Amino acid sequence: MTTAQPLDVQPTPLALLLLGREADPKSERGVECPGDLPSPSDPDLVERARAAKEKLGDKVFVLGHHYQRDEVIQFADVTGDSFKLARDAAARPEAEYIVFCGVHFMAESADILTSDDQKVVLPDLAAGCSMADMATAEQVAECWDVLTEAGVAEQVVPVSYMNSSADIKAFTGKHGGTICTSSNAKRALDWAFEQGEKVLFLPDQHLGRNTAVREMGMSLEDCVLYNPHKPNGGLTVEELRAAKMILWRGHCSVHGRFSLDSVEDVRARIPGVNVLVHPECKHEVVAAADHVGSTEYIIKTLEAAPAGSKWAIGTELNLVRRVAAAHPDKEVVFLDKTVCFCSTMNRIDLPHLVWTLESLAEGNLVNHIRVDPETESFAKLALERMLALP
């Protein structure tokens, strides 16, 4: 059974820019490689990557996030979500270089969990995460001051999503909180409410709201939205005192694009379709879906689905295309009609990977991601609390 048109969407100039195949000098201030980046049109890129990786041997371990392009994934030693990959890196102490084909916060997590002898490398330092950037250390410290002035800080336990900077993870550890993934968010929140009466959930409002309402039986009224760009977060003292979930005003730029209209449209076009979305989607999208779960859950659900079944998936397009190709016996379509790549993840392309591997093979350490010792200590404390969750 063939896949539907949304997976064959024609790239626009903007889409090409998001894919890293074009440049906009006016908007890209740039992180330039200290050397010549191979041309994307170089026909020898695949062979060059293979040769450099073979030369490095066991000294290098390449991690590929699920949202990476196929041209990069083919060189990954392991694939997975951000936390799984960081743990995989820690389990390979003989690897001197950890090349993380993902985004910045993921490389930070890998540096936190690996030994001091290992060097974590990000092929393009411009590969950040818009969600992680929506919560800075200064903003979160100011939020805590607001909670303190409202007289509720002692009741609040911070829970931070894995998709956050090392600084935010450290804040969480320092203030008695834990980290969560999209798979264990409910367990993390159950634990947090055993420690205190309220939760400050950072930085993704949608995962926090969906977990609290869908899985824990809270109401939307139990949740308030803290906006770091407004005085006191845009909230009154009474609202903070009444709330159970204080949600940070952050979101995933990819998953936030899916709408209720997308769900209704695909149901009208494909009778009997199963709508499967990531919990980073908006609450109304999650409420209208048939299945909701992490990236790993999405992959496993499609693997277990019967032949001939129909699926509309609401997550990053590279992953949807890869899952569709792996299951030709099922009809798999993209939930939205427009291109929805993770633009920063797509900055990690074959030229950057080749430049990275060849530099390391020549003994030149490039784009080394390092977390300072104090930040690492508190961030690791928060991660250890997550690992100890029942």
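User: In which sense do strand β1 (residues 60–65) and β2 pair?
Analyst: Strands here are DSSP runs of E with at least two residues, helices are runs of H or I with at least four, and both are numbered from the N terminus. Two strands pair if DSSP finds at least two bridges between them. β1 and β2 have three bridges, and one of the partnerships puts Leu-63 with Val-78 in β2. The sense of the pairing is parallel.

User: Before we go on, what kind of model is this?
Analyst: It's a predicted model, where local features need pLDDT of at least 70 and side-chain atom pairs count only at pLDDT 80 or more, while totals for chains, interfaces and linings use all residues. Residues are numbered from 1 along each chain as its sequence is written, and side-chain values use heavy atoms, with hydrogens and water left out. So the short answer, going by the record, is: predicted.

User: Which are the edge strands of the open sheet?
Analyst: Five strands make up this sheet, ordered β2-β1-β3-β4-β14 with mixed pairing. An edge strand here pairs on one side only. That leaves us with β2 (78–80) and β14 (368–369).

User: At about what angle does helix α16 (residues 350–361) run to β3?
Analyst: Axes are lines fitted to C-alpha atoms, for helices over the stretch in contact, and angles between N-to-C directions go from 0 to 180 degrees. α16 lies across β1, β3 (97–101) and β4 (119–121). Its angle to β3 is about 175°.

User: Is the crossing of α4 and α5 left-handed or right-handed?
Analyst: The axes of α4 (residues 82–90) and α5 (residues 104–113) come within 8 Å and cross at roughly 35°. A crossing is left-handed if the near helix is turned anticlockwise from the far one by less than a right angle, and right-handed if clockwise. This one is right-handed.

User: How do the residues of the contact of α4 with α5 divide?
Analyst: Contact means heavy atoms within 4.5 Å. On the α4 side you'll find Ser-82, Phe-83, Ala-86, Arg-87 and Ala-90, and they meet Phe-105, Met-106, Ser-109, Ala-110 and Leu-113 of α5. Ala, Val, Leu, Ile, Met, Phe, Trp, Tyr, Cys and Pro count as nonpolar, Asp, Glu, Lys and Arg as charged, and the others, Gly among them, as polar. The split is seven nonpolar, two polar and one charged.

User: How many residues of strand β7 (residues 198–202) are buried?
Analyst: Buried means under 20% relative accessible area, exposed over 50%, and partly exposed in between (1.4 Å probe, protein chains only). Lys-198, Leu-200 and Leu-202 point one way, Val-199 and Phe-201 the other, and all are buried. So, counting with that cut-off, the tally for β7 is five of five.

User: How many bridges join β7 to strand β9 (residues 245–248)?
Analyst: β7 also runs parallel to β5 (residues 156–161), joined by five bridges, with Ser-160 standing opposite Leu-202. With β9 the run is parallel too, and Val-199 stands opposite Met-245 there. The number of bridges joining β7 to β9 is three.

User: What is omega near for the peptide bond from Leu-202 to Pro-203?
Analyst: Most residues other than glycine have a negative phi, and most peptide bonds are trans. Pro-203 sits in the loop between β7 and α10. The bond leading to Pro-203 is cis, with omega near -20°.

User: How far apart are the end C-alpha atoms of helix α10 (residues 205–216)?
Analyst: The expected span of a helix is 1.5 Å times one less than its number of residues. For the 12 residues of α10 that gives 16 Å, which agrees with the model. Nine of those 12 are buried, so α10 is largely enclosed by the rest of the structure. The end C-alpha atoms are apart by 15 Å.

User: Is Asn-367 buried or exposed?
Analyst: Asn-367 lies in the loop between α16 and β14, and its phi is positive, near 45°, though it isn't glycine. Its relative accessible area is 14%, which makes Asn-367 buried.
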